[in-house]
Amino acid sequence: MTAPRSSTPRKVLGRLSLPERTYVADALRTETVGGVLLLAAAVTALLWANIPALGDSYGSVAHFKLGPAALGLDLSLAHWAADGLLAIFFFVAGIELKRELVAGDLRDPKAAALPVVAALCGMAVPALVYTVTNVTGGGSLAGWAVPTATDIAFALAVLAVIGTSLPSALRAFLLTLAVVDDLFAILIIAVFFTADLNFAALGGAVVGLGVFWLLLRKGVRGWYVYVPLALVVWALMYNSGVHATVAGVAMGLMLRCHRKEGESHSPGEHIEHLVRPLSAGLVVPLFALFSAGVSVSGGALADVFASPETLGVVLGLVVGKALGIFGGTWLTARFTRASLSDDLAWADVFAVASLAGIGFTVSLLIGELAFAGDETMTNEVKAAVLLGSLIAAILATVLLKIRNAKYRRLWEDEERDEDLDGIPDIYEEDDPAYHLRLAARYEAKAAEHRRIAQEKAAARHELAEVPGGAGEDHDGPA
């Protein structure tokens, strides 16, 4: 007989390493604040566009053009937000992906399989749902990519609002999933939504990216070198016909994200730390301000369920995302002989998968690209994205609230630091020094309590010896 394997099966969504946990906590803190600003910007856009006295001004501001026409950059403010500012958003996404590939979960092929497969299934199933809905309903297949994207900032804002103490492993899974999702989203934009190519401009952009890479390898420093070069690369990429956000993710992927000896942070981590607040706190909210201003009257919302294109978007986000990510995670665990963490249940995975159905930012962008030239359909698809994201948020909130007590206990266990050294106790249980520090702390507490007990006993003894005191039998009420 063959002896059974002695190796411990790998755990899916198990505890993070301490460096990874610290990175995830810092990243999510910024994204959560940015997500709240994103929600505020989206609500502002909806109010601005739907209040009769202000509706016309919204369109006027969004379509106001500025920029050098000679360079092909005479763009509206809405266009600048979608093609210009979002390049910064994808630049940060590129750095995140690079870091995950060289220092995060994606560096281990076995660990990388889970978020990659989950993200792929989480994009393929919504696209399939949209396609089936429109084939059976006689609609346009142009918007198949709209429900494939996840908006991590919006999703984390929902978590912040509902106050769910989600364990770090689930939060990290959501973040890594969104990073991989962003990569495939930019690939979809580059491959399927590229206009007629201008090879001269594209060649110039490639040369600019080569210079960018060479300067990084030579160790050249100074924002005054890289920012002008990045602007030139972006402008050339825009004029090439390839979506300009591709330039952002390409430059992000070129940054070095592994630390050399003596470095506390890699260049990629340092730049991400500087740029992420700009991306989450300004770029994405401004894009939402100029993209989310659509009519949300009762009739318009009812029409979402009447048109196959808009119905496909809603079903893709709400049903397709949840089933795709949950199914991809389950299949990965099933065929890699891995098991779910003992602290979690598959219901938790489904709740996070439902949360990934919030497709706000990139879905709005793809909707604009998919139905370019058809303003009516573009606005209807935007309304569908908003409605689908709202339904997904409500569904995820209900599912997460059901398990909130369990999450709170897990979160408290992860955060407990009884020896007060700044490191959660759960990471020090095998360290003898940790137990010695804890013993010394308990001994100090015990000595303090002994001293207090002795003082109380002495005080009671003195009171009992005082004539007429409370300890004598004849003591009674006055």
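**Stop 1: where H6 passes H13**

Start by selecting helix H6, residues 168–192, together with helix H13, residues 346–355. In this predicted model, H6 passes H13 in a right-handed crossing. The axes of H6 and H13 come within 11 Å and cross at roughly 40°. Now show the side chains at the meeting place: on the H6 side pick Leu170, Phe173 and Leu174, and on the H13 side pick Asp348, Val352 and Leu355. Try colouring the H6–H13 contact by class, and you will find five nonpolar residues, one charged residue and no polar ones.

**Stop 2: a cavity beside H6**

Keep H6 on screen and add helix H3, residues 77–102. H3 and H6 each supply at least two residues to the lining of the second largest cavity. How many cavities of 30 Å³ or more does the structure hold? There are two, and the second largest has a volume of about 40 Å³. To see what surrounds the second largest cavity, select Ala93, Gly94, Leu97, Val179, Asp182, Leu183 and Val249. By class, this lining has five nonpolar residues, one polar and one charged.

How does one search for a space like this? Rolling a probe the size of a water molecule over the atoms shows where empty space is left.

**Stop 3: H3 against H10**

Leave H3 selected, hide H6, and bring in helix H10, which covers residues 267–291. The axes of H3 and H10 come within 9 Å of each other and cross at roughly 150°. The crossing of H3 and H10 is left-handed. Colour the H3–H10 contact by class too: here there are 19 nonpolar, two polar and five charged residues.

**Stop 4: Ser279**

Stay with H10 and click on Ser279, which sits in this helix. Is Ser279 buried or exposed? Ser279 counts as buried because its relative accessibility is 5%, and the cut-off for buried is under 20%. Next, display what Ser279 touches beyond its neighbours within four places in sequence: Ile88, Phe89, Val92, Val284 and Pro285.

**Stop 5: zoom out**

Finally, show the whole protein chain as a cartoon. You can look for 17 helices and four strands. Of the 478 residues in the chain, 46% count as buried. One last number is about how the chain meets itself: among contacts with a separation of 6 or more, 77% are between residues 24 or more positions apart. For an example to revisit, go back to Ser279 and its contact with Ile88.

How values were computed:
Residues are numbered from 1 along each chain as its sequence is written. This is a predicted model: local features need pLDDT of at least 70, side-chain atom pairs count only at pLDDT 80 or more; totals for chains, interfaces and linings use all residues. Side-chain values use heavy atoms; hydrogens and water are left out. Axes are lines fitted to C-alpha atoms, for helices over the stretch in contact, and angles run from 0 to 180 degrees between N-to-C directions. A crossing is left-handed if the near helix is turned anticlockwise from the far one by less than a right angle, and right-handed if clockwise. Contact means heavy atoms within 4.5 Å. Ala, Val, Leu, Ile, Met, Phe, Trp, Tyr, Cys and Pro count as nonpolar, Asp, Glu, Lys and Arg as charged, and the others, Gly among them, as polar. Buried means under 20% relative accessible area, exposed over 50%, partly exposed in between (1.4 Å probe, protein chains only). On a 1 Å grid over the protein atoms alone, a cavity is a set of points where a 1.4 Å probe fits but cannot get out, and a pocket is an open set with protein on both sides within 12 Å along at least five of seven lines; lining residues have an atom within 4 Å of a point. Grid points are joined across faces, edges and corners, and a volume is the space filled by probe spheres set on the points.
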